[in-house]
Amino acid sequence: MKKRRLIGFFFITLLVVPLITACSSQLKPYNSKEKLGPQVNYTITGIDAGAGIMASTQTAITKYDLSKHNWQLQTSSTAAMTSTLDKAIKDKRPIVITGWQPHWMFTKFPIKFLKDPKNVYGKAEHINTIVRKGLKSDKPEAYEILDRFHWNPKQMSSVMLNVNNGKDPEKAAKQWIKANPKMVSEWTKGVPKVKGGTMKMTYVAWDSEIASTNVVAEVLRQQGYKVTIQAMEIQPMWASVSTKAADAQVSAWLPKTSGLYYKDYKGKFVDLGPNLEGAKVGLAVPKYMKNINSIEDLNNK
């Protein structure tokens, strides 16, 4: 009986030790002298499956021939991805993520975009305001404010960072509006106040869109509208405005990220143009991974 126990213990040890070794290897700091792939299990940490950046990343895996080393894209959520990034950076571990800017992670963490020589992710994007047909005649005051709404990545990031630090999105929006009266007046100057009007806005629950939607909603509320906002997946968001179930959305990343939906629903909405320019999407890594500067490096270094 004792011999059997020893044999059993021996085999359990054979099973457990490799598991511990494998787990511990994933917790080691980044080593520039070793291949990157094995250090991250050939995994790119992504966000929700419906995001345009996820489709672009699958294309990047093919175009950069990352599939030959079995690189894979891990689906999660923005919150899960940034949490994983936070933990990795604290321990100076290697990580490859799907990144986009504006986003508070580029303010909070020392990270960099990887070069994209094959231009899979496209050039700089812009975020457009999309409204339903008929809004201009039904609610001209809201239409005018939405048409004028425009800010920059730094301004958006300040709201995002406050929300990430625990402030309620509506309160963060009110705080930003109070601190930026000159900019808000550019959106509202000469626009009459309203009484009893309602507005519904939809958005994708990305940090950037939570910030912009709450700011615009609060400006419209201060103008006299009763505004409701609703988070949705990206396709239903486009459908909601195109079918007039919602009045507006300020979350249209173009031309790449939302390009498919823009094409699918074209002619069923009104595009008011960019509310933010200089947006960017791609793969990103911590800056301490100094020898990883291009997507091509994922295979070679």
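The following legends describe an overview and several close-up views of a predicted model of a protein chain.

**Figure 1. Overview of the protein chain in the predicted model.** The chain comprises 301 residues, of which 48% count as buried. Its secondary structure consists of 14 helices and nine strands. Along the principal axes, the C-alpha atoms occupy a box of roughly 85 × 40 × 35 Å. Among contacts with a sequence separation of 6 or more, 80% join residues that are 24 or more positions apart. The exposed surface amounts to about 15,200 Å², and carbon and sulfur atoms contribute 55% of this area. The chain carries 44 positive and 24 negative charges, and the mean positions of these two sets lie 7 Å apart.

**Figure 2. The salt bridge between Lys-90 and Asp-86 in helix α4.** Side chains of opposite charge can pair when their charged atoms come close. A search of the whole structure yields eight salt bridges. In the one shown here, the N to O distance between the side chains of Lys-90 and Asp-86 is 3.7 Å. Both residues belong to helix α4, which spans residues 78-90, and they are separated by four residues, about one turn of the helix. Lys-90 has a relative accessible area of 65% and is therefore classed as exposed, the cut-off being over 50%. Asp-86, at 22%, is partly exposed.

**Figure 3. The salt bridge between Glu-144 and Arg-148 in helix α7.** The closest N and O atoms of this pair are 2.9 Å apart. Helix α7 covers residues 140-148 and contains both partners, which are four residues apart, about one turn of the helix. Each partner is partly exposed: the relative accessible area is 30% for Glu-144 and 29% for Arg-148.

**Figure 4. The salt bridge between Arg-93 and Asp-91.** The side chains of Arg-93 and Asp-91 meet with an N to O distance of 3.5 Å. Arg-93 has a relative accessible area of 14%, and because this value is under 20%, Arg-93 counts as buried. Asp-91, by contrast, is partly exposed at 41%. Both Arg-93 and Asp-91 are also in contact with Pro-29, the subject of the next view.

**Figure 5. Surroundings of Pro-29 in the loop between α1 and α2.** This loop connects α1 (2-25) with α2 (36-39). Pro-29 is exposed, with a relative accessible area of 51%. Apart from neighbours within four places in sequence, Pro-29 is in contact with Gln-39, Asp-91, Lys-92, Arg-93 and Pro-94. Asn-119 is 90 residues from Pro-29 in sequence, and their C-alpha atoms are 30 Å apart in space.

**Figure 6. Surroundings of Ser-56 in helix α3.** Helix α3 extends over residues 52-63 and includes Ser-56. With 10% relative accessibility, Ser-56 is buried, because the value is under 20%. When neighbours within four places in sequence are set aside, the contacts of Ser-56 are with Val-120, Tyr-121 and Lys-256.

**Figure 7. A network of salt bridges.** Four residues are linked in this network: Arg-132, Asp-138, Lys-139 and Asp-247.

Note on methods. Residues numbered from 1 in each chain as written. Predicted model: local features only at pLDDT ≥ 70, side-chain atom pairs only at ≥ 80, totals over all residues. Heavy atoms only, no water. Helix = DSSP H or I, 4+ residues; strand = E, 2+ residues; numbered from the N terminus. Buried < 20%, exposed > 50% of the residue type's maximum accessible area, 1.4 Å probe, protein only. Contact = heavy atoms within 4.5 Å. Areas by Shrake-Rupley, 256 points an atom, 1.4 Å probe, with all protein chains shown as cover. Lys, Arg positive; Asp, Glu negative; His and termini not counted. Charge placed at Lys NZ, Arg CZ, Asp CG, Glu CD.
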